[in-house]
Amino acid sequence: MLLWSVYNSYVPVIFRAKLTEITSNGSALPGFLSVALLVNAIMTIDNIFGVVFQPYFGKKSDRTHTKWGKRMPYIIVCLPICAVFFSLIPVAATLKAGALSIILMMTVIIFFNFTMSVWRSPVVSLMPDFTPSSLQSDANAVINIMGGIGQVIGFVVGSIATALVGLLGFTEMQAALKAKTNPLGQILATDANGDVIVNYLNGFNPAKYQDTVDNFIKSGRDMLYFDGTNFSSQGTEAQLVAEKMIKYGADGNPIYVNYTPIFIVAAVITIISLLILIGFYKKNKNNDLSKDIVIESNDGEKPKKIKIKELPISSGERKSLLTMLAALFLINNATEAIIPNFTNFALDTLNVKPIYSTLMMAVFAVSLAAFDIPAGAMGRKLGRKKTIIIGLSVIVIMFAIYLAVSQLFPANRTFVWIVLWIALVVGGAAVGCININTLPLVLAIGGRDYVGTFTGYYYTATFSAAITGPILCGLLIGVFNDNYNFMFLFCSIMFALGLAVITQVKHGESSPEDEEWIQQAVEAAED
């Protein structure tokens with residue numbers, strides 16, 4: 001979770017800068033392609049690899065027998081390799097040759113995602129290997145807590161890395177990480193007060209349009225265009241009248257922020273975690289409950305997949321299942337679109353650097369985690385469908401309000417900020433209401449006898465959305481000239497469609513006696 005938080009926060013920013021540079025701000029791209037669409041497409045690689053490779057290596061580890069047990073060989077070998085590739089992502093971005101840099105970044109990212117897929121399932125399987133079934137519920141709660149802590153550390157690791165490089169004496173590197181930048185990560189020139197230096201063109205008088213200039217300086221934009229008739233006689237076309245000054249190096253090229261320290265710190269924490277795991281494994285390997293379980297390879301006989309139309313359920317339940325899967329697909333299109341776009345949104349719209357905008361995502365993650373238990377209680381008391389509808393309604397309203405405020409009152413930055421913070425906190429709680437109750441609702445439709453089948457349907461819908469969501473969102477952002485505010489429009493539409501669809505689900509509420517097996521099934525699915 002630490003690695004994924006850093007990856008999803010910084011890789012979109014790095015790729016956007018490089019793609020914008022080599023495509024002349026997207027103008028060299030053909031047809032409907034845009035920088036935002038390409039960045040979002042790249043960010044689906046981890047989801048595709050997860051679907052393709054994780055189940056394979058999970059099953060393969062079941063049949064592995066070494067003195068290090070079933071899972072540890074995959075973890076010990078592939079986790080360090082994965083950490084190395086992770087650290088190389090921002091290094092590849094520092095190459096001056098743009099096209100070569102993109103190729104190297106893609107190569108490193110593909111190897112990172114592949115090696116992550118090799119050890120991710122085995123490491124998750126360690127818990128049931130070492131935990132008696134009577135304690136697995138408690139152990140799963142610990143895993144969820146640790147995953148949440150890892151995610152939050154990932155969101156704040158940018159600040160940690162910035163402080164560390166300063167303590168180690170790398171003051172220039174620390175200054176670069178903290179520097180004011182444009183959306184491409186280029187370092188802006190600042191005066192003695194730390195204010196961005198602006199160069200005024202075409203005889204533009206900034207004092208005459210002070211409010212416009214002040215808003216421009218606070219914004220993430222690099223250039224200010226103005227209607228020429230207001231200050232000169234050069235025609236009515238909008239003209240470039242001001243630009244923020246970029247710092248240039250000795251080679252004459254713009255200076256970019258190098259995010260390598262952040263990736264290295266995250267990789268080092270991961271390696272430390274591995275060393276701790278190895279130490280505890282050595283001490284407790286005799287407690288491995290799976291060491292005597294032998295699973296014979298039976299690749300020739302694949303289990304028959306049950307089609308939805310062949311399930312022994314009523315036509316009403318079948319309709320509810322299909323409707324619920326459609327709603328899940330729409331909802332997850334929205335949630336998966338936020339992750340790869342938020343740091344670019346904050347950089348453009350709020351002029352907030354990734355090392356600080358990730359703190360905003362941490363607030364969202366904490367709000368989501370904090371509402372897990374209340375959301376579960378609401379689902380049991382009010383009904384899961386009603387709780388999901390409440391969550392969807394709240395998040396659609398909050399996102400729509402933010403989008404309206406950001407477009408109608410762009411000059412009132414304080415008001416926009418307040419609304420955004422409220423949207424993040426309330427939105428996190430609302431997503432908690434949705435996430436906690438969707439899988440139990442699906443499982444309750446199928447009943448105890450079809451837990452595995454219905455869990456598979458659930459993950460088919462959510463994993464499909466994890467691939468399509470970022471791509472569709474990137475397409476919409478590109479249509480609006482890479483305006484990342486429209487991420488909220490996309491999410492609002494998808495959440496609203498999911499809300500409309502889920503109201504048609506007529507089955508899935510469980511009785512009190514079903515709660516125990518549903519909870520056990522949910523925990524097994526999370527494992």
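**Charge pairs in a helical chain**

Glu21 counts as partly exposed, its relative accessibility being 36%. The model in which this residue is seen is a predicted one. Glu21 forms a salt bridge with Lys18, and the closest N and O atoms of the pair lie 3.7 Å apart. Both residues belong to helix H1, where a spacing of 3 residues separates them by about one helical turn. Lys18, at 8% relative accessibility, falls below the 20% limit and therefore counts as buried. The pair thus joins a partly exposed carboxylate residue to a buried lysine.

The setting of this helix is the chain as a whole. Its secondary structure comes to 17 helices and 3 strands. The radius of gyration is 25 Å, close to the 24 Å that the globule rule gives for 527 residues, so the chain is as compact as a globular protein of that length. Along the principal axes, the C-alpha atoms fill a box of roughly 80 × 50 × 40 Å. Of the 527 residues, 48% count as buried. Among contacts between residues at least 6 apart in sequence, 76% join residues at least 24 apart.

The surface and the charges may be considered next. The chain exposes about 24700 Å², of which carbon and sulfur atoms supply 64%. It carries 37 positive and 35 negative charges, and the mean positions of these two sets are 2 Å apart. Side chains of opposite charge can pair when their charged atoms come close. A search of the whole structure finds 4 salt bridges, one of them being the Glu21 and Lys18 pair already described.

Helix H1 also takes part in a pairing between distant parts of the chain. Arg16, in helix H1 (residues 2–22), forms a salt bridge with Asp348, which lies in helix H10 (residues 315–350). The two residues are 332 residues apart in the chain, yet their closest N and O atoms are 2.7 Å apart. Arg16 is buried at 7% relative accessibility, and Asp348 is likewise buried, with a relative accessible area of 18%.

A further salt bridge links Asp62 with Arg71, the closest N and O atoms again being 2.7 Å apart. Asp62 has a relative accessibility of 23% and so counts as partly exposed, since buried residues have under 20%. Arg71, in contrast, is buried, with a relative accessible area of 6%. Through salt bridges that share partners, Asp62, Arg71 and Asp129 are joined into one network.

Key:
Residues are numbered from 1 along each chain as its sequence is written. This is a predicted model: local features need pLDDT of at least 70, side-chain atom pairs count only at pLDDT 80 or more; totals for chains, interfaces and linings use all residues. Side-chain values use heavy atoms; hydrogens and water are left out. Helices (H or I, at least four residues) and strands (E, at least two) are DSSP runs, numbered from the N terminus. The radius of gyration is taken over C-alpha atoms; the globule rule is 2.2 Å times the number of residues to the power 0.38. Buried means under 20% relative accessible area, exposed over 50%, partly exposed in between (1.4 Å probe, protein chains only). Contact means heavy atoms within 4.5 Å. Accessible areas come from the Shrake-Rupley method with a 1.4 Å probe; for residues, only the protein chains shown count as cover. Lys and Arg count as positive and Asp and Glu as negative; His and the chain ends are not counted. The place of a charge is taken as NZ of Lys, CZ of Arg, CG of Asp or CD of Glu. A salt bridge is a side-chain nitrogen of Lys or Arg within 4 Å of a carboxyl oxygen of Asp or Glu.
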